[in-house]
Amino acid sequence: MNTQKFADQIRFYTMKELDNLGFGHFGGSLSIVETLAVLYGNVMNVSPEKKNNPDRDYFVLSKGHAGPALYATLFLKGYFDEGFLYSLNQNGTNLPSHPDRIKTPGVDMTTGSLGQGISAATGIAKGNQLLGKSNYTYAIVGDGELNEGQCWEAFQFAAHQKLDHLIVLIDDNKKQLDGYTTDICDPFDFVEKMQAFGFSSWRVDGSDVDAIEAAIDQAKQVKGKPTAIVLDTVKGQGVPYLEELADNHHIRPDEAAKVAIKKAIVTLAGKIEVNPQ
């Protein structure tokens, strides 16, 4: 699979579903697009046909507010049709704003309350370790989410249990709900912190699909400890208007923003050669 093309498709459909809804978590959804493209395009052993196979790889979106990007990915992988995608956050939907494993095909763990997803991912990885399985558990956590103490309890447990089939991807997009992470609670150096907690850890360009895939391949060579890959990303990644928008966590667009978002969708449509309507 052409991973960059897959990322372009995920970005386009993420924008379309949020534009259709009229509001939502644009910024943090877009910053994980390349990572999702790598995971679902080339790395994870998953498919709609094996969505309940216990030997599949598992994925946990701990920063559950980025659900729209995951949903676009699952749609493109064939877990549901396009009409289902546009039911995002509607009354009675099976596609809630944050992932729900009971409602949405392809979602392995319900998330949304920040800090809890990484604990669940650690539990999944430990369970598979106890069963002697070789499948991997992948989890994306947010940089702002790592203000939660629960995350660090999970990391300590994961390292102690030597969960070398757990790969944590930290979306370091530099912002959270209320502003810049360094202003709200300076995280200092995530790589150094994860190493101090017993992880193998390094930083990569989170907009470079080849760099992300190479980092995951490297993580799979690590034995006896989990890995944390710190993704250097930008909130609103891949859409210049949203990258430059100051408050781009959850957006309720005014008229000017609606026009800019629709223009961005048209531009993205041209990259993947589809009709934006």
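This guided tour moves through a predicted model and names, at each stop, what to select and what is found there.

**Stop 1: helix H3**

Begin by selecting helix H3, residues 33–43. Of its 11 residues, 9 are buried, so the helix is largely enclosed by the rest of the structure. To display the buried positions, pick Val33, Glu34, Thr35, Leu36, Ala37, Val38, Leu39, Tyr40 and Val43. Keep Tyr40 highlighted, since this residue also belongs to the lining of the largest cavity.

**Stop 2: the cavity**

The structure holds 1 cavity of 30 Å³ or more. The volume of the largest cavity is about 40 Å³. For its walls, select Tyr40, Phe59, Val60, Leu61, Leu70, Pro99, Gly106, Val107, Asp108 and Met109. Which strand gives the most to this lining? Strand E1, spanning residues 58–61, does so with 3 residues. By class, the lining residues divide into 8 nonpolar, 1 polar and 1 charged.

**Stop 3: the largest pocket**

Retain Gly106, Val107 and Asp108 from the cavity selection and turn to the largest pocket, whose volume is about 210 Å³. Its lining comprises 14 residues, and those closest to the centre are Lys51, Asn52, Gly106, Val107 and Asp108. The pocket lining is made up of 5 nonpolar, 4 polar and 5 charged residues, whereas the cavity lining has 8 nonpolar, 1 polar and 1 charged.

**Stop 4: aromatic rings**

Next, show the aromatic side chains; the structure holds 8 aromatic pairs. Select phenylalanine 80 and phenylalanine 84: their ring centres are 4.6 Å apart and their planes meet at 40°, so this pair is tilted. Phenylalanine 80 counts as buried because its relative accessibility is 10%, while phenylalanine 84 is partly exposed, with a relative accessible area of 21%.

Then select Trp152, Phe155, Phe197 and Phe199, which form one aromatic cluster. Phe199 returns at the last stop, as a contact of proline 226.

**Stop 5: charges over rings**

Two further rings carry a charged group above them. Select lysine 220 with tyrosine 136: the charged end of the lysine sits over the tyrosine ring, 5.0 Å from the ring centre. Then select arginine 252 with phenylalanine 23, where the charged end of the arginine lies over the ring at 4.1 Å from its centre.

**Stop 6: three loop positions**

Serine 87 is located in the loop between helix H5 (82–85) and helix H6 (116–130). Is serine 87 buried or exposed? Its relative accessibility is 19%, and the cut-off for buried is under 20%, so serine 87 counts as buried. Apart from neighbours within four places in sequence, serine 87 is in contact with Thr93 and Leu95.

Select lysine 162 next, in the loop between helix H7 (149–160) and strand E3 (166–172). Although lysine 162 is not a glycine, its phi is positive, at about 55°.

Phenylalanine 188 likewise has a positive phi without being a glycine, at about 60°. This residue occupies the loop between helix H8 (181–185) and helix H9 (190–196). With 66% relative accessibility, phenylalanine 188 counts as exposed.

**Stop 7: strand E7 and the loop before it**

Finish with proline 226, placed in the loop between helix H10 (209–219) and strand E7. What is the relative accessible area of proline 226? The value is 0%, and the residue is buried. Leaving aside neighbours within four places in sequence, the contacts of proline 226 are Ala158, Ala159, Leu163, Asp164, Leu166, Gly198, Phe199 and Ser200. A distance label from proline 226 to glutamine 161 should read 9.0 Å, C-alpha to C-alpha, for residues 65 apart in sequence.

Move on to valine 230, within strand E7 (residues 227–232). Valine 230 is also buried, at 0% relative accessibility. Beyond residues up to four places away in sequence, valine 230 touches Ile170, Asp172, Phe190, Val191, Ser201, Trp202, Arg203 and Val204. Ile170 and Asp172 fall in strand E3 (166–172), and Phe190 and Val191 in helix H9 (190–196). A final label joins the C-alpha atoms of valine 230 and methionine 194, which are 36 residues apart along the chain and separated by 9.4 Å.

Definitions and conventions: Residues are numbered from 1 along each chain as its sequence is written. This is a predicted model: local features need pLDDT of at least 70, side-chain atom pairs count only at pLDDT 80 or more; totals for chains, interfaces and linings use all residues. Side-chain values use heavy atoms; hydrogens and water are left out. Helices (H or I, at least four residues) and strands (E, at least two) are DSSP runs, numbered from the N terminus. Buried means under 20% relative accessible area, exposed over 50%, partly exposed in between (1.4 Å probe, protein chains only). Contact means heavy atoms within 4.5 Å. On a 1 Å grid over the protein atoms alone, a cavity is a set of points where a 1.4 Å probe fits but cannot get out, and a pocket is an open set with protein on both sides within 12 Å along at least five of seven lines; lining residues have an atom within 4 Å of a point. Grid points are joined across faces, edges and corners, and a volume is the space filled by probe spheres set on the points. Ala, Val, Leu, Ile, Met, Phe, Trp, Tyr, Cys and Pro count as nonpolar, Asp, Glu, Lys and Arg as charged, and the others, Gly among them, as polar. Rings of Phe, Tyr and Trp (its six-membered ring) pair if their centres lie within 6.5 Å; planes under 30 degrees apart count as stacked, over 60 as edge-to-face and the rest as tilted. A charge sits over a ring if NZ of Lys or CZ of Arg is within 6 Å of the ring centre and within 35 degrees of the ring normal.
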